[in-house]
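Let's take a stroll through this model together. Keep the picture open while you read.

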Amino acid sequence: MGALDYLANFCTVTSTRTKRKPLQSVEIKVKMDCDGCERRVRNAVKSMKGVKTVEVSRKQHRVKVTGYVDPSKVLKRIRSTGKKRAEFWPYVEYNLVSYPYVAGAYDKRAPAGFVRNVAQAFPVYNAPEETITALFSDDNPHACSIM
């Protein structure tokens, strides 16, 4: 867009400018078994308006779409290809979770290195036992110097 186009937007009487969606990435879990499934999902998502990149990992059953898109529309488009059990990516990386083996977090069907994203797997930061142990930690510069 040049400077004249930019200035022309201010001079128009009827404002037809729409608010642009933010750039975001959407991760979706889709079961894909063959090249045909992968190609069908990739082409369906690529043809959407606003899509910048599409990454398909058949081994992890994962599709990552980056662009100016609505996540629910991407999910709806993937489901229209015949993949009715598609869902938003329910996993987080194993090393980002404090308690990966808490009930509900560990999933046998999760790809290697991932656990389910549940609230119980993340620590509560204002727990009293954590604040007491932090008082006497070597990492705390304001720790008790008597010890």
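A polar contact is a pair of N or O atoms within 3.5 Å; within protein, one must be able to donate a hydrogen and the other to accept it, and residues adjacent in sequence count only if both atoms are side-chain atoms. Here's one to look up: the side chains of Arg 62 and Gln 60 are joined by a polar contact of 3.4 Å.

Some ground rules. This is a predicted model, where local features need pLDDT of at least 70 and side-chain atom pairs count only at pLDDT 80 or more, while totals for chains, interfaces and linings use all residues. Residues are numbered from 1 along each chain as its sequence is written, and side-chain values use heavy atoms, leaving out hydrogens and water.

Now the overall plan. The chain has 4 helices and 6 strands, in the order α-β-α-β-β-α-β-β-β-α along the sequence. Helices (H or I, at least four residues) and strands (E, at least two) are DSSP runs, numbered from the N terminus. Of the chain's 147 residues, 27% count as buried. Buried means under 20% relative accessible area, exposed over 50%, and partly exposed in between (1.4 Å probe, protein chains only).

Three residues show the range:

| Residue | Element | Relative accessible area |
|---|---|---|
| Leu 7 | helix H1 (residues 3-11) | 49%, partly exposed |
| Arg 62 | strand E3 (residues 62-67) | 16%, buried |
| Val 63 | strand E3 | 1%, buried |

So what's inside? In soluble globular proteins, nonpolar side chains tend to be buried together. A nonpolar core is a set of buried Ala, Val, Leu, Ile, Met, Phe, Trp, Tyr and Cys residues joined through side-chain atoms within 4.5 Å. The largest one here has 18 residues, and Ile 28, Val 30, Val 63 and Ile 78 touch the most other members. Strand E1 (24-29), helix H2 (35-46), strand E2 (51-57), E3 and helix H3 (71-79) each give two or more residues to this core.

Which residues does Val 63 touch, leaving aside neighbours within four places in sequence? Its contacts (heavy atoms within 4.5 Å) include Val 26, Ile 28, Val 41, Val 54 and Ile 78. Val 63 and Ile 28 sit 35 residues apart along the chain, yet their C-alpha atoms are separated by 5.2 Å. With the same neighbours left out, Ile 28 also touches Val 74, Leu 75 and Trp 89, among others. Arg 62, next door in sequence to Val 63, has contacts including Glu 27, Ile 28, Trp 89 and Phe 114.
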